[in-house]
Amino acid sequence: DKSYRAYQAKLASINLDGDISDWSGVPSIKLDNMRRASKLWKKGITPTKDDFSAEYKTAGKDNNLYVAVIVRDSTILTGKGGAVDNDSKCDSVEFIFDTLCDASDDSSTIGLNSNDWHYRIWKSKDGTIKVYRQFVPDAQLTLGILGAKQHTLANDVDAVFKKIDGGYVFEICFKGTSMLPFKPTQNASLGFGVIVNDFDDS
């Protein structure tokens with residue numbers, strides 16, 4: 001599916017506390033493209049929205065991008081601790097930023113390119129929120145030798161997790177350096193993808 005939709009990140013004052021009441025004036029975007037895990041596929045099981053569903057909201061202020069992801073999930077799994085490969089095998093959210101909005105320029109290209117970010121975020125066993133850089137842009141597009149490195153934990157993204165009735169919420173603040181070379185100025189455009197992983201049936 002190579003279709004695209006455009007949404008505006010509203011200006012809003014957001015507190016990262018897991019309370020989404022300050023998002024009340026921000027419209028939500030439903031994630032309705034569900035892909036079943038191979039185990040469910042083989043058993044012919046299709047999860048319903050009562051089992052799992054998600055939506056997100058975006059807002060901007062002071063060169064920061066704020067995202068709230070609201071998930072309905074009957075079973076919540078957090079990380080097991082230890083190395084990232086093991087710890088990240090749990091319920092999580094992923095964000096992909098196409099900083100130059102050029103993903104559709106070449107129809108033969110599939111996947112990430114040199115100006116993209118890919119983040120994975122989850123709650124670990126000890127209660128900490130891990131923000132992992134799975135893919136980063138070319139260093140020349142960010143901060144050079146001081147730029148973010150692939151397969152590292154991000155220190156310029158803040159995130160909180162909170163259980164709610166029937167699921168959970170992630171609130172995330174992506175600071176300016178976490179989106180370079182994109183600069184969150186008025187009327188700027190950012191390619192934006194969201195994936196929510198429900199790991200209990202994977």
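In this predicted model, a cluster of aromatic residues makes a good starting point: Y56, F95, F97, W117, Y119, F174 and F192 are linked to one another through ring pairs. Across the whole structure, the search for aromatic pairs returns 12 of them. One of these joins F95 and F174, whose ring centres are 5.2 Å apart and whose planes meet at 75°, so the pair is edge-to-face. F95 belongs to strand 5 (residues 92-98) and F174 to strand 10 (residues 167-174), so this pair ties together parts of the chain that are 79 residues apart in sequence. Both partners are shielded: F95 is buried at 0% relative accessibility, and F174 is likewise buried, with a relative accessible area of 0%. A further edge-to-face pair is made by F161 and F170, with 5.2 Å from centre to centre and 65° between the planes. F161 and F170 are both buried.

The next feature to look for is a sheet. Strands of a sheet pair through backbone hydrogen bonds, in either a parallel or an antiparallel arrangement. Here, five strands form an open sheet in the order 8-7-6-5-11, and their pairing is antiparallel. The edges are taken by strand 8 (152-153) and strand 11 (191-197); each has a single partner strand, so one side of each is left without a neighbour in the sheet. Within the sheet, strand 6 (residues 116-123) and strand 7 (residues 129-135) are joined over six bridges in the antiparallel sense. A handy place to follow this pairing by eye is K123, which stands opposite I129 in strand 7.

Several of the residues already met return in the nonpolar interior. The largest nonpolar core contains 28 residues, and those with the most contacts inside it are V69, F95, Y119, I121, I172, F174 and V196. At least two residues of this core come from each of strand 3 (52-61), strand 4 (64-73), strand 5, strand 6, strand 9 (157-164), strand 10 and strand 11. I121 illustrates how such a residue is surrounded: with its neighbours within four places in sequence left aside, I121 is in contact with S92, V93, F95, I129, K130, V131, A159, F170, I172 and F174. Apart from the largest core lies another, of 10 residues, which includes A12, A68, I70 and C173.

C173 leads on to the cysteines. The number of disulfides found is zero. For C173, the nearest cysteine sulfur is that of C101, 20 Å away, and C173 is in no disulfide. C173 is nevertheless buried, with a relative accessible area of 4%. C90 also counts as buried, at 0% relative accessibility.

A polar residue completes the tour. N115 is placed in the loop between strand 5 and strand 6. Is N115 buried or exposed? At 3% relative accessibility, N115 falls under the 20% cut-off and so counts as buried. The side chain of N115 makes a polar contact of 2.9 Å with the side chain of D102. D102 is also among the residues that N115 touches once neighbours within four places in sequence are left aside; the others are F97, D98, T99, L100, P137 and L141. Of these, F97 is also a member of the aromatic cluster described at the start.

Terms used. Residues are numbered from 1 along each chain as its sequence is written. This is a predicted model: local features need pLDDT of at least 70, side-chain atom pairs count only at pLDDT 80 or more; totals for chains, interfaces and linings use all residues. Side-chain values use heavy atoms; hydrogens and water are left out. Rings of Phe, Tyr and Trp (its six-membered ring) pair if their centres lie within 6.5 Å; planes under 30 degrees apart count as stacked, over 60 as edge-to-face and the rest as tilted. Helices (H or I, at least four residues) and strands (E, at least two) are DSSP runs, numbered from the N terminus. Buried means under 20% relative accessible area, exposed over 50%, partly exposed in between (1.4 Å probe, protein chains only). Two strands pair if DSSP finds at least two bridges between them. A nonpolar core is a set of buried Ala, Val, Leu, Ile, Met, Phe, Trp, Tyr and Cys residues joined through side-chain atoms within 4.5 Å. Contact means heavy atoms within 4.5 Å. A disulfide is a pair of cysteine sulfur atoms within 2.5 Å. A polar contact is a pair of N or O atoms within 3.5 Å; within protein, one must be able to donate a hydrogen and the other to accept it, and residues adjacent in sequence count only if both atoms are side-chain atoms.
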